[in-house]
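User: Please take a close look at one helix of this model and at what packs around it. I would like a connected account rather than a list.

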Amino acid sequence: MPIAVLGLVAAVIGIIGSFPQVVRLMRASHADGVSFASAVLGLLSTATWLTYGVTLGDPTQIVANVPTLVAAMMLVALIVRRAGAPVGRAVAGILGWGAAIGLVFLLGGVAAVGTAAAAVSIVRQVPQVRLAFSGAPLDGLSPTTYLFAITSGSLWTAYGLALGLVPVWANALIAVVLSAAVLARRCPPRRVIAALDAGRWGSPGRLLVRPVVARVATA
């Protein structure tokens with residue numbers, strides 16, 4: 001698969017995966033389990049990656065991050081509406097980060113912006129992981145978004161490794177690990193296997209987990 005195509009596939013999956021969480025919050029009356037801090041950091045992360053893509057002249061990065069930025073802004077707005085999250089500090093943080101990125105670019109150029117993007121992308125997951133492991137209700141989290149994030153992150157890892165873009169592959173690999181950790185808390189593997197075996201996805205679901213169920217039964 002040509003590297004450009006790999007990047008475009010990763011971008012498309014990432015774009016699609018940004019919206020199930022937004023749709024879930026649109027339909028819900030709460031935002032249980034969704035970290036406002038992670039949402040704000042996600043907005044900053046996407047904006048920084050977009051800046052990186054523009055300064056690098058990488059169309060794949062630009063195509064991936066424009067619609068994702070829209071989804072990130074919608075997510076922050078929905079959490080504010082559903083959970084009454086503090087807006088003032090979020091706005092101050094966004095403005096401060098924007099000024100910092102401008103200074104980073106002036107002092108270190110494109111590579112420094114990429115490093116900053118990777119750093120904030122890694123940090124963005126920490127509040128969500130902490131919330132997921134705190135025992136708080138996670139009903140507001142969309143499992144679909146995390147499945148897409150893992151798939152997209154795996155492809156971005158391959159894309160970054162192929163082009164030697166350390167900020168891209170390092171960030172993507174860590175995102176895959178942290179997204180998988182959150183998904184495992186939202187949908188514990190044992191519960192998922194039991195649901196599939198009980199017919200949640202019909203015959204395909206049972207066939208999918210049959211080897212696992214059989215192995216556990218004979219253990």
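Analyst:
**Helix H6 and its surroundings**

In H6, the residues that count as buried are Pro167, Val168, Asn171, Ala172, Ala175, Val176, Leu178, Ser179, Val182, Leu183 and Arg186, where buried means under 20% relative accessible area, exposed over 50% and partly exposed in between, with a 1.4 Å probe and protein chains only. This is a predicted model, in which local features need pLDDT of at least 70 and side-chain atom pairs count only at pLDDT 80 or more, while totals for chains, interfaces and linings use all residues. Residues are numbered from 1 along each chain as its sequence is written, and side-chain values use heavy atoms, with hydrogens and water left out. The chain averages a pLDDT of 85, and 87% of the residues score at least 70, pLDDT being the predictor's confidence in each residue, from 0 to 100.

Helix H6 runs over residues 166-186; helices here are DSSP runs (H or I, at least four residues), numbered from the N terminus. Its 21 residues reach 30 Å from the first C-alpha to the last, close to the 30 Å expected at 1.5 Å a residue, the expected span being 1.5 Å times one less than the number of residues. The cover over the buried residues of H6 includes helices H1 (3-27), H2 (36-56), H3 (59-83), H4 and H5 (143-163).

One link from H4 to H6 can be followed through serine 121, which is found in H4 (residues 87-132). Because its relative accessibility is 5%, serine 121 counts as buried. Its side chain makes a polar contact (a pair of N or O atoms within 3.5 Å, one able to donate a hydrogen and the other to accept it; residues adjacent in sequence count only if both atoms are side-chain atoms) with the side chain of asparagine 171, at 3.4 Å. The side chain of serine 121 makes another polar contact, at 2.7 Å, with the side chain of tryptophan 49. Leaving out residues up to four places away in sequence, serine 121 touches Ser45, Trp49 and Asn171, a contact being heavy atoms within 4.5 Å.

The largest nonpolar core (buried Ala, Val, Leu, Ile, Met, Phe, Trp, Tyr and Cys residues joined through side-chain atoms within 4.5 Å) has 26 residues. H6 is among the elements that give two or more residues to this core, together with H1, H2, H3 and H4, and H3 gives the most, with 7 residues. Apart from this core lies another, of 14 residues, which includes Val168 as well as Val113, Ala117 and Tyr159.
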